[in-house]
Amino acid sequence: MDIFDAVADASIAQDEPWRELASCREVPPVLFFADDKDHEKLELAKSFCATCPVIDDCYNYWASLPADERKYGVWFGTTAKERRRADRARRLARAAANSA
Ligand code: SF4
């Protein structure tokens, strides 16, 4: 899975019934799969999530994806980089708790 497959899959996810109500339903998926360094595009993508009425469905859909497909894109108001940071923080907290 690479980023091009991820964009294609995101387009396929548009068949999910809840996507009818998604704030991003008319937005080209490529905006949500901008490069990690393209903060302007990523913040614009996140602005759609900020008012999205199906953000919980979005999270549940993302959580159901295979791990390699969850690596890319803005989902439920988070960028891939933010999710990586959160994962790292959780791992460090778990390691600290286990060594205490
Ligand atoms: S939370 Fe964001 S990415 Fe998910 S459906 Fe809504 S607008 Fe789209």
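**View 1. Phe48 and the residues it meets across the chain.** Setting aside neighbours up to four places away in sequence, Phe48 is in contact with Ser23, Cys24 and Val27. This is a predicted model, and Phe48 sits in its helix α2. Look at the pair Phe48 and Ser23: they are 25 residues apart along the chain, yet their C-alpha atoms are separated by 5.6 Å. Is Phe48 buried or partly exposed? It counts as partly exposed because 18 other C-beta atoms lie within 10 Å, and a buried residue would need 20 or more.

**View 2. The whole protein, for orientation.** Stepping back, you'll find four helices and zero strands, so to speak a plain α-α-α-α pattern when you read along the sequence. Of the 100 residues here, 14% are buried. Contacts reaching a long way along the chain matter for the count: among those with a separation of 6 or more, 57% join residues 24 or more positions apart.

**View 3. How confident the prediction is.** The average pLDDT for the protein is 90, and 88% of the residues score at least 70. Which element has the lowest mean pLDDT? That's helix α1 (residues 3–12), with a mean of 64, while α2 has the highest at 96. As a rule, where pLDDT is low, the predicted coordinates shouldn't be read in detail.

**View 4. The shell around the ligand.** Here 14 residues surround the ligand, and the ones that come nearest are Ala22, Cys24, Cys49, Cys52 and Cys58. Two helices, α2 (39–49) and α3 (55–64), each bring at least two residues to this shell. What classes of residue make up the shell? Sorted that way, there are 12 nonpolar residues, two polar ones and no charged ones.

**View 5. The largest nonpolar core.** Nine residues form this core: Ala22, Phe32, Ala34, Leu42, Ala45, Val54, Cys58, Val74 and Trp75. In soluble globular proteins, nonpolar side chains tend to be buried together. Zoom in on Val54, one of the core residues: leaving out residues up to four places away in sequence, Val54 touches Trp18, Leu21 and Ala22. Ala22 and Cys58 belong to this core, and both are also among the residues that come nearest to the ligand.

**View 6. Two loop residues, Val30 and Phe76.** Val30 lies in the loop between α1 and α2. Val30 and Gly73 are 43 residues apart in sequence, but 8.7 Å separates them in space, C-alpha to C-alpha. With 14 other C-beta atoms within 10 Å, Val30 is partly exposed. Now for Phe76, which is in the loop between α3 and α4. Its phi is positive, at about 40°, although Phe76 is not a glycine. Phe76 is partly exposed too, with 18 other C-beta atoms within 10 Å.

**View 7. Helix α4, end to end.** How far apart are the end C-alpha atoms of α4 (residues 80–99)? They are 29 Å apart, which agrees with the 28 Å that its 20 residues should span at 1.5 Å a residue. This helix is hardly covered: the count of buried residues among its 20 is zero.

Conventions. Residues are numbered from 1 along each chain as its sequence is written. This is a predicted model: local features need pLDDT of at least 70, side-chain atom pairs count only at pLDDT 80 or more; totals for chains, interfaces and linings use all residues. A residue is near a molecule or strand if its C-beta atom, placed from the backbone, lies within 6 Å of it. Ala, Val, Leu, Ile, Met, Phe, Trp, Tyr, Cys and Pro count as nonpolar, Asp, Glu, Lys and Arg as charged, and the others, Gly among them, as polar. A nonpolar core is a set of buried Ala, Val, Leu, Ile, Met, Phe, Trp, Tyr and Cys residues joined through C-beta atoms within 7 Å. A residue is buried if 20 or more other C-beta atoms lie within 10 Å of its own, exposed if 12 or fewer, and partly exposed in between; C-beta atoms are placed from the backbone. Two residues are in contact if their C-beta atoms, placed from the backbone, lie within 7 Å. The expected span of a helix is 1.5 Å times one less than its number of residues. pLDDT is the predictor's confidence in each residue, from 0 to 100.
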